[in-house]
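Please read this report alongside the sequence and the coordinates. It takes up metal coordination, charged contacts and backbone torsions in turn.

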Amino acid sequence: MRKPGCNEDNVQMSDVLCDFCMQTWTEERPMVEGHQGSCICGDCLAAAYRTLVMVESAVPETPSKCVLCLELRSEPSWHAPAGTDPLRTGDDAPRICRRCVRQSAAVLQKVAEFGWRKPTA
Ligand SMILES: [Zn+2]
Ligand SMILES: [Zn+2]
């Protein structure tokens, strides 16, 4: 997401926040962008990948909206773990679907200078 009040015509790295942990984009913290400026950082993506892809989570009864693809998805989704911002962890917390986690992980890993790798067991 964009930092509120930033200049949309001249967006800096420090104006780009991860939708899940609200940390800013830095050289050390790569980001993958979804629709409408939504973003997930490498740290959150690694955590989401571990939860949704490595541990095959159960499919939820109620579909949830994914902030990256903006679709209502009937598949496991991830949100920031408890202990971070309460707005990011409640029922209304932003969620990412498993499909977007897989796609984003593939995208991020392809960019060699980020040095990001899919988590392994
Ligand atoms: Zn994050
Ligand atoms: Zn999605």
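## First zinc site

The site of the zinc ion (ligand 1) is tetrahedral, with angles of 106 to 115° among its four donor atoms. The model is a predicted one, and in it this ion is coordinated at 2.3 Å by the SG atoms of Cys18, Cys21, Cys41 and Cys44. Along the sequence, these donor residues follow the spacing C-x2-C-x19-C-x2-C. Of the donors, Cys41 and Cys44 are both buried.

## Second zinc site

The zinc ion (ligand 2) has as its protein donors Cys66, Cys69, Cys97 and Cys100, each through SG, at 2.2 to 2.3 Å. The arrangement counts as tetrahedral because the four donor atoms subtend angles of 102 to 118° around the ion, and all angles lie between 85 and 135 degrees, as that class requires. In sequence, the donor residues of the zinc ion (ligand 2) are spaced C-x2-C-x27-C-x2-C.

Within this site, Cys66 and Cys97 link distant parts of the chain, being 31 residues apart, with Cys66 in the loop between strand 3 and strand 4 and Cys97 in strand 6 (residues 96–97). Both Cys66 and Cys97 are buried.

## Salt bridges

The structure holds five salt bridges. In one of them, the side chains of Glu33 and Arg2 meet with an N to O distance of 3.4 Å. Because Glu33 lies in strand 1 and Arg2 in the segment before strand 1, this pair ties together parts that are 31 residues apart in sequence. Glu33 counts as partly exposed at 48% relative accessibility, and Arg2 likewise counts as partly exposed, at 26%.

Arg73 forms a salt bridge with Glu71, the closest N and O atoms being 3.1 Å apart, and the side chain of Arg73 also meets that of Glu75 in a salt bridge, at 2.6 Å from N to O. Arg73 has a relative accessibility of 17% and therefore counts as buried, as does Glu75 at 12%, whereas Glu71, at 34%, counts as partly exposed. Through salt bridges that share partners, Glu71, Arg73, Glu75 and Arg99 are joined into one network.

## Positive phi angles

Most residues other than glycine have a negative phi. Gln36, which is not a glycine, has a positive phi near 50°; Gln36 lies in the loop between strand 1 (31–33) and strand 2 (39–41), and its 75% relative accessibility makes it count as exposed.

Leu70, also not a glycine, has a positive phi of about 65°. Leu70 is placed in the loop between strand 3 (64–65) and strand 4 (72–73), and at 33% relative accessibility Leu70 counts as partly exposed.

Notes:
Residues are numbered from 1 along each chain as its sequence is written. Chains are lettered from A and ligands numbered from 1 in the order in which they are written. This is a predicted model: local features need pLDDT of at least 70, side-chain atom pairs count only at pLDDT 80 or more; totals for chains, interfaces and linings use all residues. Side-chain values use heavy atoms; hydrogens and water are left out. Helices (H or I, at least four residues) and strands (E, at least two) are DSSP runs, numbered from the N terminus. Buried means under 20% relative accessible area, exposed over 50%, partly exposed in between (1.4 Å probe, protein chains only). Donors are N, O and S atoms within 2.8 Å of the metal (3.2 Å for Na, K and Ca); water is not among the atoms, so sites may look incomplete. Four donors count as tetrahedral if all angles lie between 85 and 135 degrees; four count as square planar and six as octahedral if opposite donors are over 155 degrees apart and all others between 65 and 115; anything else is irregular. A salt bridge is a side-chain nitrogen of Lys or Arg within 4 Å of a carboxyl oxygen of Asp or Glu.
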